[in-house]
Amino acid sequence: MAAIPLLTPHKMGKFDLSHRVVLAPLTRSRSYGNVPQQHAILYYSQRTTKGGLLISEATGVSDTAQGYPATPGIWTKEQVEAWKPIVDAVHAKGGVFFCQIWHVGRVSSSGFQPNGQAPVSSTNKGFGPVTHLDGSVQEYFPPRRLRTDEIPCIVKDFRLAARNAIEAGFDGVEIHGAHGYLVDQFLKDQVNDRTDQYGGSLENRCRFALEIVQAVVDEIGADSVGIRLSPYADYMESRDSDPGALGLYMVNSLNKFGISYCHMIEPRMVKVGEKVETPHSLLPMRKAFKGTFIVAGGYDREEGNKAVAEGYTNLVAYGRWFLANPDLPKRFELNASLNKYDRSTFYTQDPVVGYTDYPFLESTA
C-alpha cells in the first residue's frame, strides 16, 4: 500500500515527528480561575501519539491577556505548576508539546480585566457585538490604546510566559499572532491606526510581532519557537488591505530568526467555522519560509494528504476533527469513519462531556 502522506515522518528543527497530523490549538474553557485542571491531563494524553505534535489551547501571558471564561494562563507560579502534570502525561506517551501563548487585546471586556479596567490594544477603536458559534452574543468594551512606552512591557510578558512554559516542561511555544487578537491588532491595517513606530507602514505594523519573536527566541531558543498567523482572515473585525504582502513580509522576516515553524490559517477560512473557496493561496508564504510550514483551516483526510503530497505544506493542524476523534492519526491510517463533533459542547465548562468522552475506535468497534 502506498504511504499515506499525512503519516510519513518529518523533522521539525530538533524534533523528529512520526507523522504530520497536528493537534491544533483549541480553546476549551475548562481551566477554572485561569488555572489548568487535572481533567486536562486525560484530554491531552488521549490525543497524544509517539512523535506527534500537539499545540495547547491559547494560554494567557498576563492578567490583562484574558477575554474568555476559564481559559488557562502561564504567568503565575500556580499556573506553571498546574501545567506540569499535563505536559508530563504528553511526554510519557512520546508526544511533542508546544504551548500557545496569547494576549487577546481588545477582544475582552472590563469584567476580565484587573480592577475592571479597559482592555488594551493597538487602537482605541471598539468593535462588535459578536455572535459566537454557540449562539451567544458578546459585547466588547472600547479598548485603551497602548502608549509607545508600554509596548515593551507586553513584549516582556510574552518573554516571561515563554520562560514559564519551558519551566512547566513544554518543548516550545507558539506565539498567537492570528484571529484578531492583540498581535493581529497591530499587524492589520483595518485595526492599527497608530502614528508612532508601531503603525502606518507594513514594517511598522509588523514591528510588535517581530519584537515578541526576538524576545522569545532570545529567552528559549529559536528551535523552541513557532508562530500562528492569519493574514487573510477577518476575525474580530481584523482585516488587512493587502494580506498577501503582509504574509510574505512576515515569513521573510521570520526567516532571520530561524524559528521552528510558521502555522498559517488557510485563506478559505474567512469566518470562524465557515469554509469558502478563494483564489488566494498560502503557497507563496510556504515557498518563502525556510522552517516547517503548518496549515490549518477545515482540512479533511483527503485534503490533508493532497496538501502534503503536493508540497503545499509540511504539517496539517486539525481542530474539530481531532477534538472529536482523540485517535485521529489511527483513523486516518485505517481510513475509518470519524466521530461527529458536537459544537454545543465546545466551550462548556464540563470536565468530561464534549471533552474526554469522545470514543476511540476500539470502543466503537
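Me: Where is the kink in helix 5 centred, and how many degrees is it?

Reply: In this predicted model, helix 5 has a kink of about 40 degrees, and Phe208 lies at its centre.

Me: What separation of the end C-alpha atoms should one expect for helix 5, and what does the model give?

Reply: The expectation follows from a rise of 1.5 Å a residue, so the 19 residues of helix 5, residues 202–220, should span 27 Å. The end C-alpha atoms are 27 Å apart, in agreement with that value. Just after the helix comes Gly221, with a positive phi of about 95 degrees.

Me: How should the buried residues of a helix be read, and which residues of helix 5 are buried?

Reply: The general idea is that an α-helix has 3.6 residues a turn, so residues three or four places apart point the same way. In helix 5 the buried residues include Arg205, Phe208, Ala209, Ile212, Val213, Val216 and Ile220. Asn204 and Cys206 are also among them.

Me: Against which elements do the buried residues of helix 5 pack?

Reply: Their partners are helix 3 (151–167), strand 11 (172–177), helix 4 (182–187), strand 12 (225–229) and helix 6 (243–255).

Me: Which residues touch the most other members of the largest nonpolar core?

Reply: As a general idea, nonpolar side chains in soluble globular proteins tend to be buried together. Here the largest nonpolar core has 80 residues, and Tyr44, Ile101 and Phe208 touch the most other members. Helix 5 gives the most to this core, namely 10 residues. Another core, of 15 residues, lies apart from it, with Leu17, Val22, Leu53 and Leu315 among its members. As for Ile101, its contacts beyond four places in sequence include Thr59, Val61, Ile74, Phe158 and Val173.

Me: How many disulfides does the structure hold, and is Cys206 buried or exposed?

Reply: A disulfide requires two cysteine sulfur atoms within 2.5 Å. The structure holds 0 disulfides. For Cys206, the nearest cysteine sulfur is that of Cys262, 12 Å away. Cys206 counts as buried because its relative accessibility is 0%. Cys153, by contrast, is partly exposed, with a relative accessible area of 47%.

Me: With which residues is Met250 in contact, leaving aside its neighbours within four places in sequence?

Reply: Met250 belongs to helix 6 and counts as buried, since its relative accessibility is 1%. Beyond those neighbours, Met250 is in contact with Leu187, Cys206, Ala209, Leu210, Ile227 and Leu229. Cys206, Ala209 and Leu210 are among the buried residues of helix 5. The C-alpha atoms of Met250 and Gly111 are separated by 34 Å, with their positions 139 residues apart along the chain.

Note on methods. Residues are numbered from 1 along each chain as its sequence is written. This is a predicted model: local features need pLDDT of at least 70, side-chain atom pairs count only at pLDDT 80 or more; totals for chains, interfaces and linings use all residues. Side-chain values use heavy atoms; hydrogens and water are left out. Helices (H or I, at least four residues) and strands (E, at least two) are DSSP runs, numbered from the N terminus. The expected span of a helix is 1.5 Å times one less than its number of residues. The bend at a residue is the angle between axes fitted to the seven residues ending there and the seven starting there. Buried means under 20% relative accessible area, exposed over 50%, partly exposed in between (1.4 Å probe, protein chains only). Contact means heavy atoms within 4.5 Å. A nonpolar core is a set of buried Ala, Val, Leu, Ile, Met, Phe, Trp, Tyr and Cys residues joined through side-chain atoms within 4.5 Å.
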